[in-house]
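Hi,

Here is the structure I promised to pass on. My notes follow below it.

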Amino acid sequence: AGGGYFYDLAPHQLDLLQDIFGVIIEARGIRANRGGLYEAEDSVSACFQFENGLPGSGSWGFVGHESARNDRILLIGNQGSLSFSVFNYSPIEVHTSEGTQRIEVPNPQYVHDLLIKNVCEHLQGRGICTATSVSATSINWVMDRILGKY
């Protein structure tokens with residue numbers, strides 16, 4: 001769509017975090033185009049804060065070596081940590097003082113099936129789709145803040 005991989009992938013990750021922790025009320029970022037393969041940013045670092053005061057940060061690099069690819073969200077708490085992927089369905093890892101637990105979650109055959117079904121039912125007047133341009137506004141605001149667009 002011309003916005004680069006950050007606009008294609010990060011909204012899903014940030015939306016998931018907002019679903020877990022609440023609305024992001026502050027966001028800043030540093031961005032660069034290191035690879036020069038296209039006009040959009042290919043390296044982004046961000047810090048943000050949720051409405052409950054919880055801080056967060058993220059780094060997205062789309063031109064690094066294959067060995068550096070790591071699709072992980074890491075949540076750190078006072079009793080351990082939890083990490084999971086968003087796109088590659090690697091195991092969820094729970095780390096505590098008692099050790100590490102790995103939880104396998106199978107990749108659904110059709111990831112977008114429920115959304116497509118919901119949209120079709122909405123268009124047919126048999127349901128209401130809650131995924132709208134209005135529901136996407138808060139994530140678009142966060143993305144624009146991270147990239148310094150406003």
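A polar contact here is a pair of N or O atoms within 3.5 Å; within protein, one must be able to donate a hydrogen and the other to accept it, and residues adjacent in sequence count only if both atoms are side-chain atoms. This is a predicted model, so local features need pLDDT of at least 70 and side-chain atom pairs pLDDT 80 or more, while totals for chains, interfaces and linings use all residues. Numbering starts from 1 along each chain as its sequence is written, and side-chain values use heavy atoms, without hydrogens and water.

One such polar contact, of 3.2 Å, links the side chains of Glu 93 and His 95. Glu 93 lies in strand β6 (residues 92-96); strands are DSSP runs of E, at least two residues, and helices runs of H or I, at least four, numbered from the N terminus. Glu 93 counts as buried because its relative accessibility is 18% (buried is under 20% relative accessible area, with a 1.4 Å probe and protein chains only).

β6 belongs to an open antiparallel sheet of four strands, ordered β4-β5-β6-β7, where pairing takes at least two DSSP bridges. At its edges are β4 (73-77) and β7 (99-103). Five bridges join β4 to β5 (residues 80-84), and Gly 77 has Gly 80 as its bridge partner.

There is also a nonpolar core: buried Ala, Val, Leu, Ile, Met, Phe, Trp, Tyr and Cys residues joined through side-chain atoms within 4.5 Å. The largest has 19 residues, and Phe 6 and Trp 60 are among those touching the most other members.

Best wishes

Notes: Buried < 20%, exposed > 50% of the residue type's maximum accessible area, 1.4 Å probe, protein only.
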